[in-house]
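User: I am new to reading protein models, and I would like to go through one slowly, feature by feature. Could you give the general idea each time and then the case in hand?

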Amino acid sequence: MNTLKISFKFSYFKNPLVYIDGKLIFPKRNNFGNYTYTLKTNSDKVNLKIINVHELEGKLWFILSYLFFLISLLGIFDKKIDKSCKKVQYESTIDLIENSELTIEFPRLSKTSTETIISKGNVNEEVITNNFYIDNKLKKRIKILKIAKILTWIASAILITIITIILLTR
Amino acid sequence: MNKALVKTYMSHLGTIFFNYSIFCFAMTCISFFSVVLIVTFWVLLIAIGLLSLCVLFFVPGYTDLFTKSSGFMEMALMLTPIFSGVGIAFSVLSLIFLLFDRQNPKNKSKIIISAVFVGILIFVLVYTLIKMKDGNVQ
């Protein structure tokens, strides 16, 4: 039986989804703040895929995000949206040996850098895709959502003021 | 819709309800202890906050509660079961939604805290209701 120990150094990366042979895996956090996962398999080759999903990607992104904003009492109890908009698409085929080890490192992506995922280990790895970028479409959507939120805040403030005036002048 | 995306939405919704339950838990604690320990004006003044106070001042009759200790105690007594009840509802909702994305390491601690909140808030609710029925809260 072959084993593959994968260590992930995510740095500032948020919500990566790791698939091995199409199956979603959940790496566990170790004492050093990195995530590790050990795979035991009889096969000699595995397919590794890393992607990430931003919640503003879906078709109903505006409706759902605005709904969350309203449910959370105009954003008071809302969760922070990931504004970095970092996207990753990584896919590789790994030839396994008895004790295979692999370290996947995510770089700290700046606006100008074009760095990609770095993988190190004692295995043969054939990289199929390795894209790492900032999604400008998501950045634009965040701006639209921010404008909608500000308009809602202004509308709410006006509404509260009108109601208060009506109550006081009664 | 993408399964991972649905999980993200569920996680988001769960986190919103979790934030609500934290607020309700804090309010329950403050109102409960102000009843039990007979702490009056200041504790609740800080807890409810300026916004709530502004709203309450517009409601006729509530202004008297801030000047009379006994009236304020009544308000605290009234608030405890309300906040604990609402807190239980929000904690249960957050548990339901967070369980959709339970393997996310960030959600694990939230699930545990929500479960603890449910337990404590049920205890506080039952305790307060029994004591209210007996007419002896302190």
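User: Which order do the strands take in the open sheet of five strands in chain A, and what is the pairing?

Analyst: Before the sheet, a word on the model: this is a predicted model, in which local features need pLDDT of at least 70 and side-chain atom pairs count only at pLDDT 80 or more, while totals for chains, interfaces and linings use all residues. Residues are numbered from 1 along each chain as its sequence is written, chains are lettered from A and ligands numbered from 1 in the order in which they are written, and side-chain values use heavy atoms, with hydrogens and water left out. Now the general idea: helices (H or I, at least four residues) and strands (E, at least two) are DSSP runs numbered from the N terminus, and two strands pair if DSSP finds at least two bridges between them. In chain A, the open sheet of five strands has the order 4-5-1-8-9, and its pairing is mixed. Its edge strands are strand 4 (28-29) and strand 9 of chain A, each of which pairs on one side only.

User: How many bridges join strand 8 and strand 9 of chain A?

Analyst: Four bridges join strand 8 and strand 9 of chain A, and the two pair in the antiparallel sense. As an example of a single bridge, A:Leu102 has A:Gly121 in strand 9 of chain A as its partner.

User: What does strand 6 of chain A pair with, and which of its residues form the covered face?

Analyst: Strand 6 of chain A is joined by five bridges to strand 2 (residues 16-20) of chain A, the two running antiparallel, and one bridge partner pair is A:Pro16 with A:Asn52. Strand 6 of chain A also pairs with strand 7 (residues 86-95) of chain A, in the antiparallel sense and over seven bridges, with A:Leu48 standing opposite A:Ser92. As for the faces of strand 6 (residues 45-52), A:Val46, A:Leu48, A:Ile50 and A:Asn52 make up the covered one, whereas A:Lys45, A:Asn47, A:Lys49 and A:Ile51 make up the uncovered one.

User: How many salt bridges are there over all chains, and which parts of chain A does the pair of A:Glu57 and A:Lys87 tie together?

Analyst: A salt bridge is counted when a side-chain nitrogen of Lys or Arg lies within 4 Å of a carboxyl oxygen of Asp or Glu. A search of the whole structure finds two over all chains. In one of them, A:Glu57 meets A:Lys87, with the closest N and O atoms 2.4 Å apart. Because A:Glu57 lies in the loop between strand 6 and helix 1 (61-71) of chain A and A:Lys87 in strand 7 of chain A, the pair ties together parts that are 30 residues apart in sequence.

User: Are A:Glu57 and A:Lys87 buried or exposed?

Analyst: The general scale is that buried means under 20% relative accessible area, exposed over 50%, and partly exposed in between (1.4 Å probe, protein chains only). A:Glu57 is partly exposed, with a relative accessible area of 32%, whereas A:Lys87 is buried at 8%.

User: Which residue forms a salt bridge with A:Lys120?

Analyst: A:Lys120 forms a salt bridge with A:Glu105, the closest N and O atoms being 4.0 Å apart. A:Lys120 lies in strand 9 (residues 118-121) of chain A and A:Glu105 in strand 8 (residues 99-105) of chain A, so this pair ties together parts that are 15 residues apart in sequence.

User: What is the secondary structure of chain B?

Analyst: Chain B comes to five helices and zero strands, and 45% of its 138 residues count as buried.

User: How many residues does each chain bring to the contact, and what area is buried between chain A and chain B?

Analyst: Contact means heavy atoms within 4.5 Å, and buried area is the accessible area (1.4 Å probe) that two parts lose on being put together, summed over both. Here the contact takes 22 residues from chain A and 21 residues from chain B, and the buried area is about 2000 Å², of which carbon and sulfur atoms give 71%. On the side of chain A, the residues A:Phe68, A:Phe77 and A:Lys79 supply 32% of the area that chain A buries against chain B, more than any other three residues. Across this interface the rule finds zero salt bridges.
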